[in-house]
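Visitor: Got a minute to walk me through this one? I'd like to go residue by residue.
Guide: Sure, pull it up and ask away.

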Amino acid sequence: MQGVTLFAPEHHEPLAAPPWDESRARAGISELVRDAERALTPEALWPKHPLDGDVRAVPSAKSLWVGAAGMLLGLDYLGREGAVERERSYASAAAALHASYLEEPDRGLVVPGLLSGEVGVLLAAWRLACESKAAELLAERVRGNIENPQHELFHGAPGTMLAALHLWEETGEERLRDLVRDNVDYLWSQWRRDPEYGCHLWIQYRGGRLIRSIGAGHGFASNVHSLLRSEELLDDARREELHRRAAETAGTLAVWEDGLPNWPTSADPYWAAEQPIRVQWCHGAPGLITSLAGLARTPETDALLAAAGELVWRAGPLAKGPGLCHGTAGNGFAFLALANRTGDDAWLERARVFAMHALGQAERARAELGRGRYSLWTGDLGVAVYLWQCLSGWQGMPVLDVL
């Protein structure tokens, strides 16, 4: 693709962080978790933040992305990892969450999605409350979503199949393995050679439009990640083809300026004009890095991902805030992925600098508003998970890679 301006400087802010301090990072994790615990109520769980949608329409969200399911899974993960000491059990809240979601879904309509729908809520109920009924319903919803034409992480099968994958990895049940394989087979069948670009892409049906999305939130990168997570179910030939196709497409769709690459939101010029190029996890280089970090090591792929990491560093922290989906912590996860892929501690050092900046952003926002932002993917808890992995090492993106 032809080169364009790689990012909008006004979407970023100067890096202003104290040196990496392990004790401050641990204290930051503890404070973010304790604030989340203090804000939890039996009636409303966590109040929705104004930046996460109309609080008058739905005062408390339930989804993984901006709601209680993500908060519960994030708190459980940090507790099991030993990042903080558990002070309470969340099993009862998780067990009641599905009924609450059906009564008042986040977007006014029950949808099957992982990050934004019922499957994510059921995943939290299964993980924290050990509910067999939740596992059964989850498997049903995943199977019913296989041929969803959205072909993306939030709503489509590339997302919901990850929930089935977590269940299979935990239980080893053959029926769950078969369910994941069926998802893989259908997703593979939709990954077709694009006549315009000469590489392989998916087409997403979103909002009444057909779109060739690229990023980790809604397109090519997220779909490849789901296949990479499931690649032990592939035969050798398909596994090799997965790595070849993904590397080829990432290279073909990259846009370059001054020796650095980024990726537009879509391969469709009309959509890219409406949604300008960005440097954030859901759209742009950070999500491409975290999604494709498991690709086979080749000089070309290594060089592409390293140059993309350099772009993320030069662009700087995001002015939108500290979160994962479109914030500083999400961008910093790209450095952790590169540190794990290459063994180069320089990437870890950069990740930790971004971690200190993200923690400062979270603290300032809470002081200004008098409250935290209680969500895993857009708010403070995602920062806590990021801080923990800067201490303990890359484990992957929450929910997508680790529960």
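Visitor: Where is His151?
Guide: In the loop between helix 5 and helix 6 (157-171). Bear in mind that this is a predicted model.

Visitor: Is His151 buried or exposed?
Guide: Buried, with a relative accessible area of 8%.

Visitor: Which residues does His151 touch?
Guide: Gly156, Pro158, Tyr186, Gln190, Ile203, Gln204, His218 and Asn223. That leaves out residues up to four places away in sequence.

Visitor: Ile203 caught my eye. Which surface patch is Ile203 part of?
Guide: A nonpolar one, formed with Tyr205 and Leu210. Together the three have about 310 Å² of accessible area.

Visitor: Where does Tyr205 sit, and how exposed is Tyr205?
Guide: Tyr205 belongs to strand 3 (residues 204-206). Tyr205 is partly exposed, at 42% relative accessible area.

Visitor: Another histidine, then. What about His243, buried or exposed?
Guide: His243 is buried, with a relative accessible area of 15%. Its place is in helix 9 (residues 236-253).

Visitor: What is His243 in contact with?
Guide: Leu228, Glu231, Gly294, Leu295 and Ala296, leaving aside neighbours within four places in sequence.

Visitor: And how far is His243 from Leu304?
Guide: Their C-alpha atoms are 14 Å apart. Along the chain, the two are separated by 61 residues.

Visitor: Staying in helix 9, what does Asp236 pair with?
Guide: Arg239, through a salt bridge at 2.9 Å, N to O. Asp236 and Arg239 are three residues apart in helix 9, so about one helical turn separates them.

Visitor: How exposed are those two?
Guide: Asp236 is exposed, at 60% relative accessible area. Arg239 is partly exposed, at 24%.

Visitor: How many salt bridges are there?
Guide: The count comes to 35.

Visitor: Which residue does Glu118 bridge to?
Guide: Arg141, with the closest N and O atoms 3.0 Å apart. Glu118 lies in helix 4 and Arg141 in helix 5, so the pair ties together parts that are 23 residues apart in sequence.

Visitor: Is Glu118 buried or exposed? And Arg141?
Guide: Glu118 counts as buried, at 4% relative accessibility. Arg141 is partly exposed, with a relative accessible area of 26%.

Visitor: What does Arg175 form a salt bridge with?
Guide: Glu136, with the closest N and O atoms 2.8 Å apart. The pair links distant parts of the chain, with Arg175 in helix 7 (residues 174-189) and Glu136 in helix 5, 39 residues apart.

Visitor: How exposed is each partner there?
Guide: Arg175 is partly exposed, with a relative accessible area of 39%. Glu136 is also partly exposed, at 39%.

Visitor: Which residues are linked in a network of salt bridges?
Guide: Glu31, Asp35, Arg38 and Arg366.

Visitor: Switching to helix 3. Where is the kink centred?
Guide: On Leu97. The kink is about 35 degrees, and helix 3 covers residues 91-103.

Visitor: Which residues of helix 3 are buried?
Guide: Ala93, Ala94, Leu97, His98 and Tyr101. So the residue at the centre of the kink is on the buried list.

Visitor: What do those buried residues pack against?
Guide: Helix 2 (68-81), helix 4 (118-129) and helix 5 (132-144).

Visitor: Now cysteines. How many disulfides does a search of the whole structure find?
Guide: Zero.

Visitor: Why is there no bond from Cys325?
Guide: The closest cysteine sulfur, in Cys282, is 3.8 Å from the sulfur of Cys325, too far for a bond. The cut-off for a disulfide is 2.5 Å between sulfur atoms. Cys325 counts as buried, at 2% relative accessibility.

Visitor: And why none from Cys390?
Guide: Its closest cysteine sulfur is in Cys325, 18 Å away, which is too far for a bond. Cys390 counts as buried too, at 1% relative accessibility.

Visitor: Last one. Where is Pro269, and is Pro269 buried or exposed?
Guide: Pro269 is in helix 10 (residues 269-274). Pro269 is exposed, with a relative accessible area of 59%.

Visitor: How far is Pro269 from Ala129 in space?
Guide: 46 Å, C-alpha to C-alpha. In sequence, Pro269 and Ala129 are 140 residues apart.

Conventions. Residues are numbered from 1 along each chain as its sequence is written. This is a predicted model: local features need pLDDT of at least 70, side-chain atom pairs count only at pLDDT 80 or more; totals for chains, interfaces and linings use all residues. Side-chain values use heavy atoms; hydrogens and water are left out. Patches are made of residues with over 30% relative accessible area and no salt bridge: like charges are joined within 9 Å, nonpolar side chains (Val, Leu, Ile, Met, Phe, Trp, Tyr) within 5 Å. Accessible areas come from the Shrake-Rupley method with a 1.4 Å probe; for residues, only the protein chains shown count as cover. A salt bridge is a side-chain nitrogen of Lys or Arg within 4 Å of a carboxyl oxygen of Asp or Glu. Helices (H or I, at least four residues) and strands (E, at least two) are DSSP runs, numbered from the N terminus. Buried means under 20% relative accessible area, exposed over 50%, partly exposed in between (1.4 Å probe, protein chains only). The bend at a residue is the angle between axes fitted to the seven residues ending there and the seven starting there. Contact means heavy atoms within 4.5 Å.
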